[in-house]
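Reader: I'd like to get to know this protein from one small part outwards. Please pick a single spot, look at it closely, and then lead me on from there.

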Amino acid sequence: MKPIIAANWKMNFTPKEGLRLIDDIISQPISSDVDIIFFPSFVSLSLVSDKLLNSPYSIGGQNIFHKENGAFTGEISASMLKALDVQYVIIGHSERRQFFHENDTQINNKIHLALKAELIPIICIGESLQERKNEQTDLVLKEQLTSAFKNIGLDNQKNIIVAYEPVWAIGTGLTAEKNKILDAHNLIKETLKNIYNFNIPVLYGGSVNADNAASLINIENVDGFLVGGASLNSDSFCQIVKNVTKKIERF
Ligand code: PGA
């Protein structure tokens, strides 16, 4: 399995700015041993998709709505993304859970819709600071996994990615300690394997940057990264990719 590096641009960049960043990144020599996925805003998707056609890079959407279609002003469906040659979609990001009050049922619906449209969901789970302080991390992760994977058939196991993103580490500059990441990733892999017999990639996200990527990728069961802030700059993003590439032997 190749390590995966997902670049979540969040609500940044006009289409022109996004294309400039893509140009900067693809002009640098990047190893084909890493799968790189860009997640631009919806308004940039079409241009970025055209730009990356027939390239080794993939693109994804940052969200989809939890219904298939209909009168839902301002929303975007899974099939709309698919029509733009998008291959991936982020589902259940903590910012969506926190600011847009997405609940577990909606997240499960979105996963079903993504798979139906042949999009690969990157399902985000993670505990809040309070939950960690209350020693509820394992419980929260298990609950989020169980509800996300409700009625998801075994035949989908090659088409799903999970991202462990402790909420308190996202955009804060705080990274989880290595042993905490190890514990969480082991728990996620074990839970999926025991209950669903799933063996799927688990990414780490939360203040990954050019300085910490090399050591984080060495943690067992970390199959790649979901990167926010550090993906907005070509130098830091390419440095992350290089650091991951250096550690590839263990995959
Ligand atoms: P960050 O964001 O790298 O800026 O912490 C990660 C994410 O939200 O996926």
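**A loop residue and its surroundings**

Author: Glu118 lies in the loop between α5 and β5 (120-125); helices (H or I, at least four residues) and strands (E, at least two) are DSSP runs, numbered from the N terminus. Before going further, please keep in mind that this is a predicted model, where local features need pLDDT of at least 70 and side-chain atom pairs count only at pLDDT 80 or more, while totals for chains, interfaces and linings use all residues. Residues are numbered from 1 along each chain as its sequence is written, and side-chain values use heavy atoms, with hydrogens and water left out.

Now to the backbone of our residue. Most residues other than glycine have a negative phi. Glu118 has a phi near 60°, a positive value in a residue that is not glycine. Its relative accessible area is 58%, so Glu118 is exposed; on this scale, buried means under 20% relative accessible area, exposed over 50%, and partly exposed in between (1.4 Å probe, protein chains only).

Lys10 also has a positive phi without being a glycine, near 50°. This lysine is found in the loop between β1 (4-8) and α1. Lys10 counts as partly exposed because its relative accessibility is 21%.

Back at the helix that leads into the Glu118 loop, Thr105 is found in α5 (residues 104-116). Thr105 counts as exposed, at 56% relative accessibility. Thr105 and Lys150 are 45 residues apart in sequence, with 9.1 Å between them in space, C-alpha to C-alpha.

From the Lys10 loop, the chain takes us to helix α1 (residues 15-26), whose axis comes within 9 Å of that of helix α10 (residues 234-246), crossing at roughly 40°. Axes here are lines fitted to C-alpha atoms, for helices over the stretch in contact, and angles run from 0 to 180 degrees between N-to-C directions. That angle makes α1 oblique to α10, given that angles under 35 degrees count as roughly parallel, over 145 as roughly antiparallel, 65 to 115 as roughly perpendicular and the rest as oblique. Leu21, Asp24 and Ile25 of α1 make the contact with Ser234, Phe237 and Cys238 of α10, where contact means heavy atoms within 4.5 Å. The α1 and α10 crossing is right-handed: a crossing is left-handed if the near helix is turned anticlockwise from the far one by less than a right angle, and right-handed if clockwise.

Helix α1 has another partner to look at. The axes of α1 and α2 come within 9 Å and cross at roughly 30°, again in a right-handed crossing. On the α1 side you will find Pro15, Leu19, Ile22, Asp23 and Ile26, which meet Val43, Ser44, Leu47, Val48 and Lys51 in α2. Leu45 is found in α2 (residues 42-51) as well. With a relative accessible area of 0%, Leu45 is buried. Beyond the neighbours within four places in sequence, Leu45 is in contact with Pro40, Ile59, Gly60, Gly61, Leu81, Leu84 and Val86.

Phe237, which we met in the α10 contact, belongs to a cluster too: ring pairs link Trp9, Phe13, Phe38, Tyr57 and Phe237. Rings of Phe, Tyr and Trp (its six-membered ring) pair if their centres lie within 6.5 Å; planes under 30 degrees apart count as stacked, over 60 as edge-to-face and the rest as tilted. The structure holds six aromatic pairs. One of them joins Phe65 and Phe72, a tilted pair with 4.9 Å from centre to centre and 45° between the planes. Phe65 is buried at 15% relative accessibility, whereas Phe72 is partly exposed at 33%. Tyr164 and Tyr204 form a tilted pair as well, at 6.3 Å centre to centre and 55° between the planes. Because Tyr164 lies in strand β6 (residues 161-164) and Tyr204 in strand β7 (residues 202-205), this pair ties together parts that are 40 residues apart in sequence. Both of these tyrosines, Tyr164 and Tyr204, are buried.

One last ring is worth a look: the charged end of Arg96 sits over Phe100, 4.2 Å from the ring centre. A charge sits over a ring if NZ of Lys or CZ of Arg is within 6 Å of the ring centre and within 35 degrees of the ring normal.
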